[in-house]
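Here is a friendly walk through one protein model, written for someone who would rather look at it than at a list of numbers. Keep the viewer open and follow along.

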Amino acid sequence: MTPSSSASSTLALVPGKNGHQPTAFPGTGANTEPLRAAPGRPSILDLFAGPGGWTHALNLLGLADLGIEINPDACATRTAAGHATLCVDVAALDPVRFTGTTGLIGSSPCQTFSAAGKLAGLLDLPICRQALDDLAAGTDTRAELREHCHDPRSLLIVEPLRYALALSPQWIAIENVPATLPLLIQIAAILRSRGYQAWTGLINAADHGLPQIRRRALLLAHTHRRPRPPHPTHASDACGPDLFGPGLSVWRSMATALGLPPGLHVRTRGNRSAGAGGNVFSADRPAWALTEKTRSWKLGNLDDPDGWRHLTSAEAATLQGFPPDYAFAGSRTAVFRQIADAVPPPLAVVVLSSLLGLGDAR
Ligand SMILES: C[S@@+](CC[C@H](N)C(=O)[O-])C[C@H]1O[C@@H](n2cnc3c(N)ncnc32)[C@H](O)[C@@H]1O
């Protein structure tokens, strides 16, 4: 599927899980027709929607979104899960088509900024900063700036601001790898100048009960609520309740989440030997952050060189917080990539609950 595929022909308005209607952008006409929200319905737009980490969380909260996603496998996963999806390039659309959006979510691709990737995005930070300033000033310079990027994907990080400025949604949630935090802080400043209240910072999925050390940068903005990050419920060391709070449980281990016996380890490079940074961690702690290379992870006992096996994609999905019946489409490589790219739904639930004042929905 090419990025220029007709939006109208690929818009799959299928009912969400739990009987929700998907967020309404029921445009069905030509590609230029605005996909307006139906009156009175919440309209949440999810840029770079992947297999549906944010979407599944919204469903758990009784909400639904329209996801925009370019990868055909991720789109197939979303469709199988009943998520409304537009399989096109976020950067190629005019946001005005989504007039009526009240909530905007944006988790742009992180590989270019990620420690697990080649970090070309770090070299592109000044260009991204320029693009954000230009958008704030009302000028779209993405096309010329993209020419100067080490990795053209870097500039996708400005898309949530482009949509936010065009649509003025009531609330915005942006998530990405920690290296992007300076850009999220810049976006927050621009949003504050437009009347939003905004919070930026880092959160760790393990602090919210996920069996995975996954640190992420977050921007939360709202037009009439003061956004706050969710309260941690877990920590590396448990602590009991005191005057200041109900206490924290100890981080959930990978072995507990997967029902494995104690004493196992993970080799992140399969059978290959450890490099300088090491490649072995204990399954009795939270897993290291999942990446697309998690397909090479092997589980076993350090005393039994022959007893090692690959982590299954179902186990990876569990570590990412997806329910067992969530079906990922595509090859083994494609499935691991989608799982690793996803926002863990339980983390998205607590983030959205906190942003929207829905209480603790876990
Ligand atoms: C970090 S993942 C998003 C995870 C997702 N938001 C979730 O909640 O599970 C980034 C996604 O952006 C998609 N993507 C990359 N470039 C895109 C583009 N130009 N337009 C739309 N989607 C794109 C990738 O295929 C990938 O699924």
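Which residue of β7 does I172 stand opposite? I172 stands opposite A221. Bear in mind as you look that this is a predicted model.

**Around strand β7**

That pair belongs to a longer match: β5 (residues 171-176) and β7 (residues 215-222) are antiparallel and share six bridges. Strand β6 (residues 197-204) also runs antiparallel to β7, and eight bridges join these two strands. In that pairing you can find N204 opposite R215 of β7. As for cover, seven of the eight residues of β7 are buried, so strand β7 is mostly covered, with buried meaning under 20% relative accessible area. In general, strands of a sheet pair through backbone hydrogen bonds, either parallel or antiparallel.

**Helices that pack on α8**

Now turn to helix α8 (residues 181-193). Two helix pairs that include α8 are set side by side here.

| Helix pair | Angle between axes | Distance between axes |
|---|---|---|
| α7 (residues 159-167) and α8 | roughly 5 degrees | within 11 Å |
| α5 (residues 125-136) and α8 | about 10 degrees | 10 Å |

Angles under 35 degrees count as roughly parallel. That is why α7 and α8 are described as roughly parallel to each other, and α5 and α8 are therefore roughly parallel as well.

Which residues make the contact between α7 and α8? From α7 come L161, A164 and L165, and they meet I187, I190 and L191 of α8. By class, this contact has six nonpolar residues, with no polar and no charged ones.

The contact of α5 with α8 brings L125, C128, R129, L132, D133 and A136 of α5 to P182, L183, Q186, I187 and I190 of α8. Here the count by class is eight nonpolar, one polar and two charged residues. Notice I187 and I190 of α8, which meet residues of α7 and also residues of α5.

Helix α7 is itself mostly covered, with seven of its nine residues buried. These are E159, P160, L161, R162, Y163, A164 and L167. Just after the helix, S168 has a positive phi of about 45 degrees.

**An enclosed helix**

Why is α2 (residues 53-60) said to be largely enclosed by the rest of the structure? The reason is that seven of its eight residues are buried. You can pick them out as G53, W54, T55, H56, A57, L58 and N59. The buried residues of this helix pack against β1 (44-47), α3 (72-80), β4 (103-106), β5 and α12 (345-356). Strand β5 is thus a partner of β7 and also one of the elements that α2 packs against. After α2 comes G62, with a positive phi near 85 degrees.

**A four-stranded sheet**

Elsewhere, look for an open sheet of four strands in the order β11-β10-β12-β13, paired antiparallel. Its edge strands are β11 (280-282) and β13 (309-310), each pairing on one side only. Three bridges link β10 (residues 265-267) with β11, and R267 stands opposite V280 of β11.

**Cysteines**

How many disulfides does a search of the whole structure find? The search finds zero. Are C87 and C110 buried or exposed? C87 counts as buried because its relative accessibility is 6%, and C110 counts as buried at 18%.

Technical notes
Residues numbered from 1 in each chain as written. Predicted model: local features only at pLDDT ≥ 70, side-chain atom pairs only at ≥ 80, totals over all residues. Heavy atoms only, no water. Buried < 20%, exposed > 50% of the residue type's maximum accessible area, 1.4 Å probe, protein only. Pairing = 2+ DSSP bridges. Axes fitted to C-alpha atoms, helices over the stretch in contact; angles between N-to-C directions. Parallel < 35°, antiparallel > 145°, perpendicular 65-115°, else oblique. Contact = heavy atoms within 4.5 Å. Nonpolar A, V, L, I, M, F, W, Y, C, P; charged D, E, K, R; others polar. Disulfide = S-S within 2.5 Å.
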